[in-house]
Structure formats: C-alpha cells, structure tokens
Amino acid sequence: VAGAKLGDLDLTALAEYLQNYRRLEIAALEETALHRLLENLSLVARTEVEVRPTIAGLLLFGKNRVTRWLPQNGVDCIKVRGRNLSEGTDDVKFFERNVFANLEDTLAFIYRYNTQSFVIEGVRRVDFWDYPEKALRECLVNALVHRDYTITGSHVRVHIFEDRIAIRSPGSIPDSLTLGKIRLGTIYHRNPVLMQFFYDAHLSERLGQGIPTIFREMQANGNPEPVFEDLGDELKVTLHKRIATASQ
C-alpha cells in the first residue's frame, strides 16, 4: 500500500494473534527475521528501500482508521425506523478499523436491536433471539472476508429494518458459481489471506459449511429462510426476523 509504513500495523495485536492461534513468538525476533516472517504471511511486501504493509496486512492488523489507506474498507450500519428507508433512521454508525474490529463493532451495533424472547416447553424455558448469533456472525464474516476490495466506491452495508436485516457486500460471485452451489457448500475464497487468518482465529471455516450453517441456525431459531441475491455489483443477504408465537 503506497504511503503506508510498517508502523501502521498493530504489531502488538499481531503478536498476540500469532501466539494464540499459530503458536509463534515474534517478540524476540530480530528486525530482518521479523520482516521475513511478515512477508511470508503476506502481511508486508518488500520494496527497494523498505518494507510496507500489504492490503491484507492493513485490513487484518491496521491501526486505528484503516480507511486512511484503504477507503473501501468500512461498514455502514443503519437502524431504520420502519420497514423502508423512506421512513427515516434511528441510528447510524460507520466503522472503519481493521476487519477483526469491524466485525465485533458491527455485531455490537446489531445486538442493540436484537431482542430476546422465550417459550416454555414442559418445565423448561427455551430462549430465542430475533436473529441467531451464529447466523449473524457468519453473514458478517462472509461479507467482510469475501467482498471485492478492488471496488473502492462502496462499503459493506448493514440495514436493520423493523422486520429484517439486510447485509450487502460489494462484488458479485464468480461465473463458475451459483447461489445454489454456494448454499450446498461449494467452496470459493476471493481473498485467501483474509480467509486463512479468520479460519485460524476460529471465526470461519474452510469446508464450505458457512452458508449451510446460516440456513440451519435460522431454521433452528424459528426464522424464515434467509434470502441470498446476486445483484451484479454486490451480494445481498436478507435475514427475516423471527415471528414470535402466541405464547411468547
């Protein structure tokens, strides 16, 4: 990334990540060895005069406002007052840190409006959410990890309506895939470096079960089936709110 320096990477967070998920200690490495390791991890690239962060490096471990270097990185979150954007908004946030932080910030935003209910089955209380956490997390991981970062004019967008959540991720699916194949577990990784780091952090899996998990979790929670749409320049998933029964 032109203009970015090694100091724009959060090496403390990177060291913790490597220690926790790859059993690598980098604190004692000499500068040359550290640079070689980061280069092997595709987090930096060597120029004629210095080592600079790659796009993947800044997306994964960039400090503070990553949009300084990568304006396409970011998540727009909007809480809509009703069922249509024309009805106005109650809350708007824009998250522009690295993808790990954006994931957690976006989940926290959604959970402000994800209410809980319960049913009594015999003597047992069974709790439900408007939207199941695993399905929400998987949708957001997909939106962040598989978006097309060559598209610089738009962000991942999350709209929370009264009756649904719509998540839009820039980029179409490749010609070799269909939405039907993805639902069945066909594997495709647009950004393999991001995918590997999320996989190591146990935030995703590489066996093609992400989309089937979303369908399974929504069904188990009592939600309608999620809707996936390839809109050409972006992929949209709509999660409809769980409809409470008369006993809730």
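This is a short viewer tour of a predicted model, going from the whole chain down to one helix.

**Whole chain.** Start with everything selected and shown as a cartoon. You should find 8 helices and 10 strands. The radius of gyration is 20 Å, close to the 18 Å that the globule rule gives for 248 residues, so the chain is as compact as a globular protein of that length. Turn the view along the principal axes, and the C-alpha atoms fill a box of roughly 65 × 45 × 35 Å.

**Surface and contacts.** Next, switch on the accessible surface, which comes to about 12700 Å² for the chain, with 51% of that belonging to carbon and sulfur atoms. Beneath it, 47% of the 248 residues count as buried. If you draw the contacts between residues at least 6 apart in sequence, 60% of them join residues at least 24 apart.

**Charges.** Now colour the side chains by charge: 31 are positive and 33 are negative. The centres of these two sets lie 2 Å apart.

**Helix α2.** Select residues 31–40, which form helix α2. Which residues are buried here? Show Leu34, His35, Leu37 and Leu38 as sticks, since these are the buried ones. They cover an arc of only 160° around the axis, which puts them on the same side of α2.

**Neighbours of α2.** Keep those sticks on and add residues 11–21, 44–46 and 51–53 to the selection. These are α1, β1 and β2, in that order, and the buried residues of α2 pack against them.

**Last stop.** Finally, step just past α2 to Ser42 and check the backbone: its phi is positive, at about 65°.

Technical notes. Residues numbered from 1 in each chain as written. Predicted model: local features only at pLDDT ≥ 70, side-chain atom pairs only at ≥ 80, totals over all residues. Heavy atoms only, no water. Helix = DSSP H or I, 4+ residues; strand = E, 2+ residues; numbered from the N terminus. Rg over C-alpha atoms; globule rule 2.2 N^0.38 Å. Buried < 20%, exposed > 50% of the residue type's maximum accessible area, 1.4 Å probe, protein only. Contact = heavy atoms within 4.5 Å. Areas by Shrake-Rupley, 256 points an atom, 1.4 Å probe, with all protein chains shown as cover. Lys, Arg positive; Asp, Glu negative; His and termini not counted. Charge placed at Lys NZ, Arg CZ, Asp CG, Glu CD. Arc of directions from axis to C-beta.
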